[in-house]
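Hi,

Here is the structure I said I would pass on. Have a look at it first, and my notes on what turned up follow underneath.

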Amino acid sequence: MNFTISSPANAVIGRYNLILQVTSGNKIFSRFLGQFVLLFNPWCPGDDVYMANENERQEYVLNENGIIFVGNAKYIEARGWYYGQFQDHLLNICLTMLDLSLYYRQDPAIDVSRRGDPKYVGRVISSMINGNDNDNGVLLGKWQGSFHSHENPSRWDGSVVILQKWRQDNYKPVQYGQCWVFAGVMCTVLRCLGIPTRLISNFNSAHDVDRNLSIDKYYDSSGKSLNIGKDSTWDYHVWNESWFIRSDLGTSYNGWQVLDATPQEQSK
């Protein structure tokens, strides 16, 4: 006898146990058949992450290599990056990441029930890529001082080594990361889970601390700069965009959604 099992397009992602149960009269026979993993499916028209164009699926889901643009507006440098989302043990690391999050620890039942929503999973992963929320995150950010006792962020060229080191060190944050490293690792994790993802680089990137939508600079009456504002402009910044629909906002917002794992402020 052959059985075909189909999961709903909005099913919760993660590990499943498959059990066969046969009822005959008052007797119940159960047998454990095995485990399987369910992921988001960009090939399935009913899935929130459905991407109709096959070339785009090849690029934003299946491609294990990419380029990250860094530097400054006058000298843009192209860095190669190995995402390696299909390498051995990467899927288990990515699924464990969900279970280590503060969201899961605060309420496991609610957290797991929301894992069919790419919006929610994207927020959890963006929090877990950095360890600045004291949540066993993957990377610790550092932008000043010496890197001699740990890895200089500029030396990373792929996600696999970082994620493997995170697991080997019992899920303690790897030192150190900066924006392009956070973005590269998050792209790996989201593609591994089936969410189409890409990297975005922006040069002369405004960092608006007081949220008034402007970069404020202060000068005295003689024209001397006053160091009293916290706004700044970075040479560049790198973040991610993931592809999924926005049923909460309406169809005009479907498509590429911004996610940023660089720890500028605490999640939530």
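A quick word on terms before the notes: helices and strands here are DSSP runs, with at least four residues for a helix and at least two for a strand, and they are numbered from the N terminus. Please also keep in mind that this is a predicted model.

First, the overall picture. The protein chain has seven helices and eleven strands. Its C-alpha trace spans about 95 × 45 × 35 Å along the principal axes. Of the 268 residues, 41% are buried. If you take contacts between residues at least 6 apart in sequence, 63% of them join residues at least 24 apart.

Now for a residue in one of those strands. Phenylalanine 36 sits in strand β2, which covers residues 27–38. With a relative accessible area of 34%, phenylalanine 36 counts as partly exposed, because that value falls between the 20% and 50% cut-offs. Leaving aside residues up to four places away in sequence, phenylalanine 36 touches Gly14, Arg15, Tyr16 and Leu18. Glutamine 144 is 108 residues from phenylalanine 36 along the chain, and their C-alpha atoms are 44 Å apart.

Arginine 115 is another one to click on. You'll find it in the loop between α4 (108–113) and α5 (118–128). Is arginine 115 buried or exposed? Buried, because its relative accessibility is 7% and the cut-off is under 20%. Its side chain makes a polar contact of 3.0 Å with the side chain of aspartate 99. Again setting aside residues up to four places away in sequence, arginine 115 touches Val12, Ile13, Phe40, Leu98, Asp99, Tyr104 and Val121.

Then there's the annotated part. An unreviewed UniProt entry gives residues 171–263 as "domain: Transglutaminase-like". Over that stretch the chain is 15% helix and 40% strand, and the C-alpha atoms at its two ends lie 18 Å apart.

Last, a pocket. The second largest pocket has a volume of about 430 Å³. Among its 16 lining residues, Trp143, Gln178, Cys179, Trp234 and Tyr236 are the closest to the centre. Which elements supply at least two residues each to this lining? They are β3 (65–72), β4 (75–82), α7 (179–192) and β10 (232–244). By type, the lining has seven nonpolar residues, six polar and three charged.

That's what I have so far. Shout if anything is unclear.

Cheers

Terms used
Residues are numbered from 1 along each chain as its sequence is written. This is a predicted model: local features need pLDDT of at least 70, side-chain atom pairs count only at pLDDT 80 or more; totals for chains, interfaces and linings use all residues. Side-chain values use heavy atoms; hydrogens and water are left out. UniProt positions are given in the numbering used here, feature names are shortened, and annotations may be inferred rather than shown by experiment. On a 1 Å grid over the protein atoms alone, a cavity is a set of points where a 1.4 Å probe fits but cannot get out, and a pocket is an open set with protein on both sides within 12 Å along at least five of seven lines; lining residues have an atom within 4 Å of a point. Grid points are joined across faces, edges and corners, and a volume is the space filled by probe spheres set on the points. Ala, Val, Leu, Ile, Met, Phe, Trp, Tyr, Cys and Pro count as nonpolar, Asp, Glu, Lys and Arg as charged, and the others, Gly among them, as polar. Buried means under 20% relative accessible area, exposed over 50%, partly exposed in between (1.4 Å probe, protein chains only). A polar contact is a pair of N or O atoms within 3.5 Å; within protein, one must be able to donate a hydrogen and the other to accept it, and residues adjacent in sequence count only if both atoms are side-chain atoms. Contact means heavy atoms within 4.5 Å.
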